[in-house]
Amino acid sequence: MEPTTDKQPIKDPTDFLPLRGTDHIELYVGNAKQAAYYYQQAFGYRLAAYSGPETGTRGKASYLLEQGKIRLVLTSSLEPNSEISEHVRIHGDGVKTIALEVESASDAFKQTVQRGAKPVTEPYRLKDSHGEVQLSSIRTYGSTIHTFVERKNYQGPFLPGFRKVNRPRMSPPVGLRHIDHCVGNVPLGEMDKWVRFYEQVMGFKLLITFDDQDISTEYTSLMSKVVSGGSGYIKFPINEPAAGRKKSQIEEYLEFYHDAGVQHLALATDDIISTVSELRRRGVEFLQVPPSYYEDMHARVGTIPEDMESLGALNILVDRDPEGYLLQIFTKPVQDRPTVFYEIIQRKGATSFGKGNFKALFEAIEREQGLRGNL
Ligand code: FE2
């Protein structure tokens, strides 16, 4: 049975890196104040906490946004020369940190570094009147990092330095529950290196392999392997470009991000029709597949309780695997560079990633690439 949430206590004595789930995702952005407005207004997140000069944090401002179990942190630099402003200069808005909740941030650091992880930040403590957290960080692909968060002795709204925001929410939630998976794009030839990193350094398991036969269109192709950790609750697909007649979407990402990095976050909902209807109403832009996609859908997935007409009108994709089916849709990039985007996914038993939709989806992405002159 597929886990339906990304946060469960883990008790496996042989697991050297017991993960309790995704703690939060931090994006470095050019203007966190305005980005926070977009995520609240369009995606229905609640602004839960803030850290900045007013709370005693110098040089940067961070907004904690919450919906269901999802925590996004948007951070901007207030300085021209800082690690944050340098990240934004090179990559544009993007994911800096995939933070994982652990029992012990010092043990997670020790276990991973002794297996070859490149350290970023040695374990350190942060305290305030709500208690204490311990944090440590290691590198993953590109300039992305994993931060280990030990928060069992902390009762505050997020982390020390953050102050709770007591403001009525800007816009109702749209039904986003948890992070289903988090996808990285890496350069040609590096996918296996990062799969080995997750296997050897973090104790993850290789879950699925997609080769260029699975994921190809007339023009481009890519390869993908999915690694999974935290007893299956954390899933990281890793993509690399494969040789094709034209530039692949992964190459376009790498060219504009100027490095490996997070391509998309998949957010789970229990009612994709209502979630996507609401997101569309609020102006979120999605990739469009042609009407012909729906012609053979019944033959591919059989009868499902969802109303086919609504799925077609909203452009939601459906795929079946031996365990069930899933419904999914992809936003367009959420910044001007063709880099980070979001997937909205509803699983009805299916544990896979929508392989039957890859072709229609990648053709939709290529149409957008063509409009940008990047195909
Ligand atoms: Fe995905």
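Visitor: How are the strands of the open sheet ordered?
Guide: The nine strands run 6-7-8-5-1-4-3-2-9, and their pairing is mixed. Strands here are DSSP runs of E with at least two residues, numbered from the N terminus, and two strands pair if DSSP finds at least two bridges between them. This is a predicted model, where local features need pLDDT of at least 70, side-chain atom pairs count only at pLDDT 80 or more, and totals for chains, interfaces and linings use all residues. Residues are numbered from 1 along each chain as its sequence is written, and side-chain values use heavy atoms, leaving out hydrogens and water.

Visitor: Which strands stand at the edges?
Guide: Strand 6 (119-128) and strand 9 (163-164); each has a single partner strand, so one side of each has no neighbour in the sheet.

Visitor: And how do strand 5 and strand 8 run?
Guide: Parallel: strand 5 (residues 94-102) is joined to strand 8 (residues 145-150) by five bridges.

Visitor: What stands opposite Glu-101?
Guide: Val-149, in strand 8.

Visitor: New topic. Which residues are the protein donors of the iron ion?
Guide: His-181 and His-264, both through NE2, plus Glu-343 through OE, at 2.0 to 2.2 Å from the iron ion. Donors are N, O and S atoms within 2.8 Å of the metal (3.2 Å for Na, K and Ca); water isn't among the atoms, so sites may look incomplete.

Visitor: How are those donor residues spaced in sequence?
Guide: As H-x82-H-x78-E. His-181 sits in strand 10 (residues 176-185) and Glu-343 in strand 17 (residues 341-348), 162 residues apart, so that pair links distant parts of the chain.

Visitor: Is His-181 buried or exposed?
Guide: Buried, and Glu-343 is too, meaning under 20% relative accessible area (exposed is over 50%, partly exposed in between; 1.4 Å probe, protein chains only).

Key: Helices (H or I, at least four residues) and strands (E, at least two) are DSSP runs, numbered from the N terminus.
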